[in-house]
Amino acid sequence: MSLQTLIPKFEFEQVLDSNPQTKTMALLGKIESKPAIITVEKTNFTFDESLEGVLPQGRKCDSEFSCINAIDKISTITENDIYHWGLCTLQQDIEKNPTAKLNLIWPATEVHIRKYTQQQFHLVEETPEVYEKYVVPYIETMVGDRIKWVRNILHEGAEADRVVYNDLDKENGFILLPDMKWDGLNLDALYLVAIVYREDIRSLRDLNPSRQQWLKDVSLKIRKAVSSSYNHQILPDELRLFIHYQPSYYHFHIHVVNITHQGLGDGIAAGKAILVEDVIEQLNYLGPKGFKNKTISYAIGENHDLWKNGLKEVQNKRLKELGLPTELPAGEFE
């Protein structure tokens with residue numbers, strides 16, 4: 001069923017999250033009695049050229065939906081000397097000036113629901129021992145059918161109409177396609193993901209010096225492919241390539257975004273994103289086991305299964321050893 005068919009069937013239950021910084025919200029409900037999650041994100045402002053445009057200083061604002069031409073109604077909030085504040089509505093068009101980007105996950109699993117629900121985060125230190133004891137068993141539960149959708153993209157032609165670039169080499173190749181966070185229109189907000197074909201690398205932890213040159217070659221090919229795919233409107237050094245740890249799925253992939261795009265929330269934050277160039281450099285010093293021999297610090301939410309199944313206990317033990325509190329004093333903010 002199409003998005004146009006499914007959305008009218010959505011029965012709202014609750015707001016999972018609303019983020020004023022990224023202008024997004026996540027809603028939980030049901031479609032045909034099965035859990036569903038809708039995420040809505042306000043889109044960027046448009047110019048006459050989105051994908052086939054020119055440099056910012058040469059952009060045009062001639063169409064009825066470009067720049068301030070789209071302003072429909074205005075109301076004043078206040079004025080002071082040379083400063084004026086107000087609100088406005090914009091003319092909308094589904095093709096030329098859509099209001100928001102809409103994503104649907106259906107049927108949604110409990111993992112999806114926990115991921116999109118607002119939660120408290122903690123900064124943890126994952127030692128090699130913690131990785132082997134808690135993370136490796138967790139990863140084993142997150143492969144197989146859990147990443148069937150990845151295999152569908154790589155081997156079954158799923159989302160073929162969205163593919164930007166495809167290098168079919170099973171050892172060194174990858175498929176490049178738009179991330180769900182990008183509307184596919186505005187290069188300023190470009191966000192792609194490169195999913196590699198090889199299956200022996202699940203996460204950052206599987207990278208070691210023997211795979212350093214492979215990672216260099218892949219990252220270089222990504223930069224060349226993105227720039228050429230968009231008629232060199234974005235240069236190779238205007239791309240930010242990074243890896244998430246923990247990733248949202250355990251088949252190795254690289255995030256590719258326009259370096260000017262800041263509206264990604266914690267997706268590009270320290271404690272989540274690691275630049276590919278930094279990963280390559282660190283492999284010079286980590287020994288033959290690579291990242292399996294390193295303590296990695298990252299932020300993790302309380303809804304994450306890893307937190308519930310071991311990392312909370314590890315964290316509390318560590319904080320006590322450091323003489324730090326493990327929770328806020330009762331009534332601190334009452």
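**Salt bridges and an open sheet in the predicted model**

Arg114 counts as buried in this predicted model, because its relative accessibility of 18% falls under the 20% cut-off. The side chain of this arginine meets that of Asp305 in a salt bridge, with 2.8 Å from N to O. Arg114 belongs to helix H2 (residues 110-116) and Asp305 to helix H7 (residues 305-321), so the contact ties together parts of the chain that lie 191 residues apart in sequence.

Helix H7 also takes part in another such link. Here the side chains of Arg318 and Glu125 meet in a salt bridge, at 3.0 Å from N to O. Arg318 sits in helix H7 and Glu125 in strand E7 (residues 121-126), so that distant parts of the chain, 193 residues apart, are linked. Arg318 is partly exposed, with a relative accessible area of 23%. Glu125 is likewise described as partly exposed, its relative accessible area being 35%.

A further pair is found within one loop. Asp200 forms a salt bridge with Arg211, and the closest N and O atoms are 3.0 Å apart. Both residues lie in the loop between strand E10 (191-196) and helix H5 (212-229), so the salt bridge ties together parts that are 11 residues apart in sequence. The two partners fall into separate accessibility classes: Asp200 is partly exposed at 38% relative accessibility, whereas Arg211 is buried, with a relative accessible area of 16%. This pair does not stand alone, as salt bridges that share partners join Glu171, Arg198, Asp200 and Arg211 into one network. For the model as a whole, the count comes to 14 salt bridges.

Attention now turns to the strands. Four of them make up an open sheet in the order E1-E2-E3-E6, and their pairing is antiparallel. At the edges are strand E1 (11-19) and strand E6 (100-105), each of which pairs on one side only. From one strand to the next, the twist averages 20°.

A closer look at one edge of this sheet shows how the pairing is built. Strand E1 pairs with strand E2 (residues 24-31) in the antiparallel sense, over 7 bridges. Within this part of the sheet, Val15 has Leu27 of E2 as its bridge partner.

Technical notes:
Residues numbered from 1 in each chain as written. Predicted model: local features only at pLDDT ≥ 70, side-chain atom pairs only at ≥ 80, totals over all residues. Heavy atoms only, no water. Pairing = 2+ DSSP bridges. Helix = DSSP H or I, 4+ residues; strand = E, 2+ residues; numbered from the N terminus. Axes fitted to C-alpha atoms, helices over the stretch in contact; angles between N-to-C directions. Salt bridge = Lys/Arg side-chain N within 4 Å of Asp/Glu carboxyl O. Buried < 20%, exposed > 50% of the residue type's maximum accessible area, 1.4 Å probe, protein only.
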